[in-house]
Amino acid sequence: MIEKLIKKYQNKQLVISIIGMGYVGLPLSILYAKNNIRTIGIDIDEKKIDSLLKGKSYINHIKNKSIKELIDNKKFFPTVDFKEVGKSDVIILCLPTPLNKFREPNLSYINKTLENIKKFLKKGQLISLESTSYPGTTEDIFIPLIKEKGFEIGQDFFVIYSPEREDPGNTVYPSEKIPKVVGGLSKNCLNLGINLYKLVIKEVIPVSSTKVAEMTKLLENIHRCINISLVNELKPLCLEMDIDIYEVINAAKTKPFGFTPYYPGPGLGGHCIPIDPFYLTWKAKEYKMSTKFIELAGEVNSEMPHFVLKRIGEALNTKSKSLKNSKILILGISYKKNVDDIRESPALELIKLLTKQEAIVYYSDPYFSEFPTSRNLLFKSKSISINKKNLNKFDLTLLVTNHDSFDYELIEKESNLIVDTRGVYKASSKVILA
């Protein structure tokens, strides 16, 4: 069976179902469809599917034209119907894996999806899990499921784990240029997985097991989390010492070996860095071990919005104003620049902290004309246009996300007071660094 399947993959005579049309699943669907592979995009969110069927993208860096062309050419088929899985040779799961309030893994999206597709699974299929989770997740979830179906892993059904590495807004490394790590539950599983991703990815990196692949993803994000926490810890110290932390980092990165630059900010955002490291922290407890670096990094990074709040208070004090009733304009609410993604954005925590202090908060973000409805528990507001009249209205302008499209010269000239969390400006009587 394995030889026939490999040949089928190599000839692109296969159908792929990708479940989860978010920031990982949709770009991957487009990539396969562009390579003349029949791709079914499945999501439970009817609004997303309706949008795709109309040829409209809800992700900023994915253009309407590319979606419409693929649908018109009958290469991409968005749907909410899980039974389409039964027509597929490959099923790729790109589903969220959040933490619960106790910082424990929440695999409910994966489990519910598997429950929905279980009756449509058939011999010869390959399932790839791309969602980030603790080492052992693929084994824990899929081995019982496949045995229940009466299939034999590696002989008539195949399971791999290949962690997503999407970086929304990164034009230097589109999906096809980012090497793909793949681990399988058997040699045959791995072999099929390599052939699957080689169809669209330039370099595929095989590893010895799904656990290794799962741990690889966690290491990548833990590495970033800890190093960002380091510069976040150094930033307040450098401010006290009257040292520009950004100048220090830019000088240090001229060393051609042994140093990777990371930059401080108002806190961590996105689905990966603030969440993924704690999957390992949770799993380590099973082995009666602790992950002190990870937990400390989490503490440092989670304190950054409070540090920014303190700097806002200090800035307002220079103008004999208090936080209460001060009008504050937040620049940028997405978690990083040039993307329309608000997941875990530090702006959300800052809005909570500021409104708790009874500040009057507005925002400006070119990627969100209205505050996302899923977050309307914070406040109802529309994005403020950046112009002289509007900037003059606010007691303080808080730069949270440094989108390239902001007119920074105008902002500096017309704002009454600025707190900069991204190192765009130099400190001055008008600009307070945070």
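Visitor: Which strands does helix H11 lie across?
Guide: In this predicted model, helix H11, residues 292–317, lies across S9, S11, strand S12 (418–420) and S13.

Visitor: And at what angle to S11 is H11 running?
Guide: H11 runs at about 155 degrees to S11.

Visitor: Okay, what's the strand order in that open sheet?
Guide: The order is S10-S9-S11-S12-S13, so to speak from one side to the other, with parallel pairing across its 5 strands.

Visitor: Which ones are the edge strands?
Guide: Strand S10 (360–364) and strand S13 (431–433) are the edges, and each of them pairs on one side only. Neighbouring strands in this sheet are turned by 25 degrees against each other on average, ignoring direction.

Visitor: Let's zoom in on S9 and S11. How many bridges do they pair over?
Guide: Strand S9 (residues 327–331) and strand S11 (residues 396–399) pair over 4 bridges, in the parallel sense.

Visitor: What stands opposite isoleucine 328 there?
Guide: Leucine 396 in S11 stands opposite isoleucine 328.

Visitor: Switching to the surface: which residues make the nonpolar patch?
Guide: Leu230, Leu234, Leu237, Met241, Ile243 and Val248 make it, and the patch covers about 490 Å².

Visitor: Which helix gives the most to that patch?
Guide: Helix H8, residues 210–240, gives the most, with 3 residues. Leucine 234 lies in helix H8.

Visitor: Why does leucine 234 count as partly exposed?
Guide: Its relative accessibility is 32%. Leucine 234 is therefore partly exposed, because that class falls between under 20% for buried and over 50% for exposed.

Note on methods
Residues numbered from 1 in each chain as written. Predicted model: local features only at pLDDT ≥ 70, side-chain atom pairs only at ≥ 80, totals over all residues. Heavy atoms only, no water. Pairing = 2+ DSSP bridges. Helix = DSSP H or I, 4+ residues; strand = E, 2+ residues; numbered from the N terminus. Axes fitted to C-alpha atoms, helices over the stretch in contact; angles between N-to-C directions. Contact = heavy atoms within 4.5 Å. Patch = residues over 30% accessible without salt bridge, like charges linked within 9 Å, V, L, I, M, F, W, Y side chains within 5 Å. Areas by Shrake-Rupley, 256 points an atom, 1.4 Å probe, with all protein chains shown as cover. Salt bridge = Lys/Arg side-chain N within 4 Å of Asp/Glu carboxyl O. Buried < 20%, exposed > 50% of the residue type's maximum accessible area, 1.4 Å probe, protein only.
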